[in-house]
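Thanks for asking me to look this one over. My notes are below, point by point.

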Amino acid sequence: MPEESEKLWRVNDSCVAALTGTVWWLEAAQAWTLLSFATPDAAEVTPPRLKDATLVLFWPARIVEYGDDGMSMVVKTTHGYYAWGSGSDVAFGALAMGADAVEAVRVAALFDQATGGTIRSMAISQEALHDD
């Protein structure tokens, strides 16, 4: 059985972070977010250099994604949904058909070999899940 990692964590009362892709960068990403992200304004601090991983930060007013290039971008949601990683296409389809986030990950795991393990969810403000 593959080893599992906690790839979703609460940074503070208003921010949740998640990592997709390789877990090699998980510890560095967690340390960086917990030390650097007290407020959304801190998003200008340089993140750890990630390879084959994406770090996503969720605040009530925005979603910021950090990719392999070390650059950040504010993410616009698609029809009020946000999914990323190798199973995101399947998850978007499940969300569009009425699944909640956990159900969407379960469906994605049926079709994507890199999606799976224990599914965790954390509640944040609904505002973070919709376009402004």
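Here are some numbered remarks on the sheet, the helix and a few side-chain pairs.

1. Before anything else, keep in mind that this is a predicted model. Everything I say below about distances, angles and burial comes from the predicted coordinates.

2. Let's start with the sheet. It is an open one made of 5 strands, in the order β1-β2-β3-β4-β5, and the pairing is antiparallel. β1 and β5 (72–74) are the edge strands, as each pairs on one side only. On average, neighbouring strands are turned by 25 degrees against each other, direction ignored.

3. Within that sheet, have a look at the β1 end. β1 and β2 run antiparallel and are joined by 4 bridges, with R10 standing opposite V16 in β2. The connection from β1 to β2 is a hairpin through 2 residues. Is β1 enclosed or open to the outside? Of its 5 residues, 4 are buried, so the rest of the structure largely encloses β1. That is worth remembering, given that β1 is an edge strand.

4. Further along, β3 and β4 are also an antiparallel pair, joined by 4 bridges. Here V56 stands opposite E65 in β4. As a reminder, strands of a sheet pair through backbone hydrogen bonds, either parallel or antiparallel.

5. Now the helix. α1 packs on the sheet and touches β1, β2, β3 and β4, and its direction makes about 20 degrees with that of β1. Which residues of α1 (residues 26–36) are buried? They are L26, A29, W32 and T33. These residues sit on the same side of α1 because they cover an arc of only 135 degrees around the axis. Their cover includes β1 (8–12), β2 (15–21), β3 (53–58) and β4 (63–66). On the face turned away from the buried side you will find the exposed residues E27 and L35.

6. F58 deserves a point of its own. This residue is found in strand β3 and counts as buried, because its relative accessibility is 9% and the cut-off for buried is under 20%. F58 and C15 are 43 residues apart in sequence, yet their C-alpha atoms are 5.4 Å apart in space.

7. F58 also takes part in the aromatic pairing, where the count comes to 1 pair. The partner is W84: the ring centres are 5.8 Å apart and the planes are at 45 degrees, so the pair is tilted. It links distant parts of the chain, with F58 in strand β3 and W84 in the loop between β5 and α2 (88–96), 26 residues apart. W84 counts as partly exposed, at 25% relative accessibility.

8. Last, the charged side chains. How many salt bridges does a search of the whole structure find? It finds 1. The bridge is formed by R120 and E6, whose closest N and O atoms are 2.6 Å apart. Since R120 lies in the segment after α3 (101–111) and E6 in the segment before β1, the pair ties together parts that are 114 residues apart in sequence. Both ends are partly exposed: R120 has 38% relative accessibility, and E6 has a relative accessible area of 46%. In general, side chains of opposite charge can pair when their charged atoms come close.

Key. Residues numbered from 1 in each chain as written. Predicted model: local features only at pLDDT ≥ 70, side-chain atom pairs only at ≥ 80, totals over all residues. Heavy atoms only, no water. Buried < 20%, exposed > 50% of the residue type's maximum accessible area, 1.4 Å probe, protein only. Arc of directions from axis to C-beta. Contact = heavy atoms within 4.5 Å. Salt bridge = Lys/Arg side-chain N within 4 Å of Asp/Glu carboxyl O. Pairing = 2+ DSSP bridges. Axes fitted to C-alpha atoms, helices over the stretch in contact; angles between N-to-C directions. Phe/Tyr/Trp six-rings, centres within 6.5 Å; stacked < 30°, edge-to-face > 60°.
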